[in-house]
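Here are my notes on the model you sent, set out as numbered points. Please read them with the structure open beside you.

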Amino acid sequence: MSTPLKTKISVPRSRDLEVDGVKYNRAGSSRSSFEMFAWLFMRMSGVVLIVLVFGHLFVNLMVGEGVHAVDFGFVGGKWASPFWQVWDLVMLWLAMLHGTNGMRTIIDDYAGRATTRFWLKVLLFVASAFVILLGTMVIFTFEPCPAGADPSLLASFCSAQ
Amino acid sequence: MSTAVTENQNQDAQQPDAEGGQSIPTYDIVLQVRRYDPEFETEAHWDEWKLTMYGTDRVLDALHKVKWELDGSLSFRRSCAHGVCGSDAMRINGRNRLACKTLLKDLDLSKPITVEPIKGLPCEKDLIVDMEPFFQSYREIMPFLVNEDHTPTGERFQSQEDRERFDDTTKCILCAACTSSCPVFWTDGQYFGPAAIVNAHRFIFDSRDQAGDMRLEILNDKEGVWRCRTTFNCTEACPRGIQVTKAIAEVKKAVFASAL
């Protein structure tokens, strides 16, 4: 092998990772149990979600007339009961937090650069917070028969019609 | 206890040895090695050799044949060459193996055998990687006995049951096959990695050791046991047959037990 005139060593080499003369400084450790509780939350919420989601599917799609009964009035009727309000609220929060934490770990696993991670997570958390707040608001403020609305637009069970 | 690596069933003799009259079969194999020399190139490339090897040969013998007879510039680590020192972990046909424990006859010889350096660690030259990040996380979990009691005059006695508790994780030879097969480690190398957790497990569950809680606290880190995604790559890669993912799960449980 002939020696090239000029050697090029511009590839990543181990000494490029030196920080203050120390190789491979590991990132500062975090002495908190957040990751442990996040890990535990994923498993617990997963089990609860199985019950909530399949219960939700069963009640909406299989009981009585099944999927044909689902309309504006059906949803309005469900949210008139505190039981279904709480059911849907818990399902919304657990599903959103479970999904958000899952996306967070995916970002940690696949985004290599710290700035990429940061901005992806900002985007993720803003989107999740928006959906959680909006969903919670809808569940509690849902009014199937708003007073003073055009009667022709109201659902059939509203007394104003 | 050792992992069997069998890709095909071509166990039997293909052609008798024409010269010696001995009955060791020979194979023609194609060996592809990922080469990288930082002094002369910026990118790695593949080199290919056609070799005639004996049926009893291992991948390491093929690498030796290349280095000793065909191209002396080929660089790789090996010390004992018998699966004990853990120097020659490399990616053989896409899987992390010890070259000295992988028999050629167990590989699919109809296709070229590919040999690459292990992933996730900086490549120094050819198959040699810088193991420093691996050993740094190993050192962090304090891989030594901590016992503040008076030093006994004889050995520190331990029941057979207590010894059995961590027997599996004593087998580690620090070859880095597990850590460098872990997709989480590949991302940024900050994850402690399976090998460090296995060696922490070896002391955490040792009845003679007294620093188990400290090690659990170290591994309850953002980059500690909770980054394990149980992909089982490490268990599959371990040339010593250690149930690595199981050991990590046991450490997770122990972190819970100490934190709650």
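**Notes on chain B**

1. Of the 260 residues in chain B, 41% are buried. This is a predicted model, and the points below should be read with that in mind. Chain B holds eight helices and seven strands, and its C-alpha atoms fill a box of roughly 65 × 45 × 35 Å when taken along the principal axes. Among the contacts in chain B with a separation of 6 or more, 67% are between residues 24 or more positions apart.

2. The domain assignment divides chain B into domain 1, covering 26-129, and domain 2, covering 132-259. The centres of these two domains of chain B, taken over C-alpha atoms, are separated by 29 Å. Domain 1 of chain B gives 14 residues to the contact, and domain 2 of chain B likewise gives 14 residues. On the side of domain 1 of chain B that touches domain 2 of chain B, the largest share, four residues, is supplied by β4(B). The residues on that side of domain 1 of chain B comprise six nonpolar, four polar and four charged.

3. Chain B has an open sheet of five strands, in which the pairing is mixed and the order is β2-β1-β5-β3-β4. Because β2 (45-54) and β4 (95-98) of chain B stand at the edges and have a single partner strand each, one side of each is left without a neighbour in the sheet. From one strand to the next, the twist averages 35 degrees. As a reminder, strands of a sheet pair through backbone hydrogen bonds, and they may do so in either the parallel or the antiparallel sense.

4. The pairing of β3 (residues 89-92) with β4 in chain B is antiparallel and extends over four bridges. Within this pair, A89(B) stands opposite L98(B) of β4(B), while I92(B) stands opposite R95(B) of β4(B). The hairpin formed by β3(B) and β4(B) has two residues between the strands, and N93(B) there takes a positive phi near 50 degrees, a detail that you may wish to look at in the display.

5. Which strands does helix α1 of chain B lie across? This helix, residues 59-70 of chain B, lies across β1 (26-35), β2, β3 and β5 (113-116) of chain B, and it runs at about 105 degrees to β2(B).

6. In helix α2 of chain B, which spans residues 132-140, the buried residues include P133(B), F134(B), S137(B) and Y138(B). They lie on the same side of α2(B), because the arc they cover around the axis is only 140 degrees. Part of what covers the buried residues of α2(B) is α5 (194-204) of chain B. Just after α2(B), a positive phi of about 55 degrees is found at M142(B).

7. Helix α6 of chain B, residues 212-219, can be read in a similar way, with R215(B), L216(B) and L219(B) buried. Seen down the axis of α6(B), these buried residues fall within an arc of 100 degrees and so line one face of the helix. Against what do the buried residues of α6(B) pack? Their packing partners are α5 and α8 (244-259) of chain B. Helix α5(B) therefore deserves a second look in the display, since the buried residues of α2(B) are covered in part by α5(B) and those of α6(B) pack against α5(B) as well.

Terms used: Residues are numbered from 1 along each chain as its sequence is written. Chains are lettered from A and ligands numbered from 1 in the order in which they are written. This is a predicted model: local features need pLDDT of at least 70, side-chain atom pairs count only at pLDDT 80 or more; totals for chains, interfaces and linings use all residues. Two strands pair if DSSP finds at least two bridges between them. Axes are lines fitted to C-alpha atoms, for helices over the stretch in contact, and angles run from 0 to 180 degrees between N-to-C directions. Two residues are in contact if their C-beta atoms, placed from the backbone, lie within 7 Å. A residue is buried if 20 or more other C-beta atoms lie within 10 Å of its own, exposed if 12 or fewer, and partly exposed in between; C-beta atoms are placed from the backbone. The arc is that of the directions from the helix axis to the C-beta atoms. Domain bounds come from an automatic or database domain assignment. Ala, Val, Leu, Ile, Met, Phe, Trp, Tyr, Cys and Pro count as nonpolar, Asp, Glu, Lys and Arg as charged, and the others, Gly among them, as polar.
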